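Student: Please pick one buried spot in this model and go through its surroundings closely. Then work outward from there to the rest of the chain.

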Amino acid sequence: VMSSSVHLIDREAFNKLVGCLPSETAAITRSAIDICCELFYQDRHFDVMSKMEGILDELLRLDDGHSSQVTVSTEEGESSTTSLSVGLLRTLIDNCPLHQTSRRKVHECKFLCDDIDEMKSWTPTTKINEKGYGTYYRAEPGKSAHSFKVIGEVGESVLHVASVIMELDLYTEWFPFCCFAQMQGEINRFHKASQFVVQLPWPMTNREVFLLGYGVDDLQHRKRIIITSRSVTDDEILPPEIRRPPVLKGNTRIPVEVGGFVIEALSPKSCKVSFIMNIDPKIPHVPQSLVNWVSGKIIWVLLYQMDKAAKRAGTATGKYAERRRQRPDIYDLFQSRAVEVYAHHFPGEAIPTLDGDVVATNPE
């Protein structure tokens, strides 16, 4: 776990190199990196990337203007700014964990979102309405994997839907045919591992997955939260916070190449939810009856069950309310972000709280 901004960027090297910049540019760069670190710890990686690109573009502009050594006024007096020192600073920033981690997570989130938005390669398995809502299936040529997707609307806030997805061991409360769910460790508050078991019809054995996933806050500009996950491979070296569970007796563990949710706010009290998963069921020749069963009994029903769970989550009592009291580090941030984002995107509309009350009415 990166417990401070020191782990996100080499502060000693950064301070030495930024001290070679013109005073105003140095102050702006230092402030921007501090903001990026704060955004990183809030899992706002799209916002980190936007800010980082601005920093790197400004340094590139400065580098182009200093093709040879010149003397400028810096924070520590007069100093020589060279193309080499600016280039070294750009390299340091470009390759630091702050930038590399955010870039990787944004890339993975975009991959998930692009597959949700792309429709040509998918076959509808239900009636699709004018908004594209419905259930889809895609066979993966040359692979034993199969992909499923559902898009629809949930009449609850992003807050409550995200709360349902966050509580991994409560998936047995709502995820269709989930008969076992257990968290297997936490890297940070939005980056966790979990083990799930789905009960399949006889004569097939139950299927289980061991997943590592994380959430990204992309609310500021796109009003959405993205949760992406994948299977942990047998030979993967795990962080010390994650434990590898044994396969439960009688189950078959299957790989998930990619899976996840995108929750987009439509209003303070409703959201569009998309779910996608790419799985290898470990069956040599998957019968159409099984594809139909997964599409109809799991994927199609999922949003209906999520809607019911989100309504339970939006009350001051029950299991989800108890979890909120146990994890104020997560849910206080959820609530403050909701107030900020809803005020920006939905001025004049009432803002729901996690407990289902109204926290404020935004002025137009």
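**His-191 and its surroundings**

Tutor: Apart from residues up to four places away in sequence, His-191 touches Lys-105, Glu-186, Leu-212, Gly-213 and Tyr-214. The model is a predicted one, and what follows is computed from it. His-191 belongs to strand β7, which covers residues 191-198. With a relative accessible area of 11%, His-191 counts as buried because the limit is 20%.

One of these contacts leads on to charged groups. Glu-186, which His-191 touches, is also part of a salt-bridge network together with Lys-192, Arg-327 and Asp-329. In general terms, side chains of opposite charge can pair when their charged atoms come close. The structure holds 25 salt bridges, and three other pairs show how varied their settings are.

Take first Arg-253 and Glu-208, whose closest N and O atoms lie 2.7 Å apart. Arg-253 sits in strand β10 (residues 252-253) and Glu-208 in strand β8 (residues 207-218), so this salt bridge ties together parts 45 residues apart in sequence. Glu-208 has 0% relative accessibility and therefore counts as buried.

The second pair is Arg-138 with Glu-140, a salt bridge with an N to O distance of 2.9 Å. Arg-138 counts as buried at 13% relative accessibility, and Glu-140 counts as buried at 14%.

The third pair, Glu-108 and Arg-104, has its closest N and O atoms 3.6 Å apart. Both residues belong to helix α6 (residues 97-117) and are separated by four residues, about one turn of the helix. Here neither partner counts as buried: Glu-108 is partly exposed at 28% relative accessible area, and Arg-104 is partly exposed at 38%.

Helix α6 also packs against helix α5 (residues 83-95), at an angle of about 45° and with the axes 4 Å apart. The two helices are therefore oblique to each other. On the α5 side the contact uses Ile-93, Asp-94 and Asn-95, and on the α6 side Pro-97, His-99, Gln-100 and Arg-103. By class, the residues of this contact are two nonpolar, three polar and two charged.

The nonpolar interior is a separate topic. As a general tendency, nonpolar side chains in soluble globular proteins are buried together. The largest nonpolar core here has 61 residues, and Tyr-171, Trp-174, Phe-261 and Met-306 touch the most other members. Helix α9 (residues 288-313) contributes the most to this core, with twelve residues. A separate second core of 25 residues includes Leu-8, Ala-32, Met-52 and Val-86.

Tyr-171 gives one view into the largest core. Beyond four places in sequence, Tyr-171 touches Val-164, Ile-165, Cys-178, Ala-181, Phe-196 and Phe-261. Val-273, in strand β12 (residues 270-279), gives another view of the interior. Val-273 counts as buried, with 0% relative accessibility. With neighbours within four places in sequence left aside, the contacts of Val-273 are Val-150, Ile-151, Gly-152, Val-154, Val-161, Phe-261, Val-262, Ile-263, Leu-303 and Met-306. Phe-261 thus appears in the list for Tyr-171 and in the list for Val-273. For scale, Val-273 and Asp-357 are 84 residues apart in sequence, and their C-alpha atoms are 22 Å apart.

Two loop residues deserve a check of their backbone angles. Asp-43 is not a glycine, yet its phi is positive, about 60°. Asp-43 lies in the loop between α3 (23-41) and α4 (45-65), and at 4% relative accessibility Asp-43 counts as buried. Phe-177, also a residue other than glycine, has a positive phi near 65°. Phe-177 lies in the loop between α7 (158-166) and β6 (178-188). In accessibility, Phe-177 is partly exposed, at 39%.

Finally, the whole chain. Eleven helices and 14 strands are assigned in the protein chain, and 52% of its 364 residues count as buried. Along the principal axes, the C-alpha trace spans about 80 × 50 × 40 Å. Of the contacts between residues at least 6 apart in sequence, 63% join residues at least 24 apart. His-191, at 11% relative accessibility, is one of the buried residues.

How values were computed:
Residues numbered from 1 in each chain as written. Predicted model: local features only at pLDDT ≥ 70, side-chain atom pairs only at ≥ 80, totals over all residues. Heavy atoms only, no water. Core = buried A, V, L, I, M, F, W, Y, C linked by side-chain atoms within 4.5 Å. Buried < 20%, exposed > 50% of the residue type's maximum accessible area, 1.4 Å probe, protein only. Contact = heavy atoms within 4.5 Å. Salt bridge = Lys/Arg side-chain N within 4 Å of Asp/Glu carboxyl O. Axes fitted to C-alpha atoms, helices over the stretch in contact; angles between N-to-C directions. Parallel < 35°, antiparallel > 145°, perpendicular 65-115°, else oblique. Nonpolar A, V, L, I, M, F, W, Y, C, P; charged D, E, K, R; others polar.
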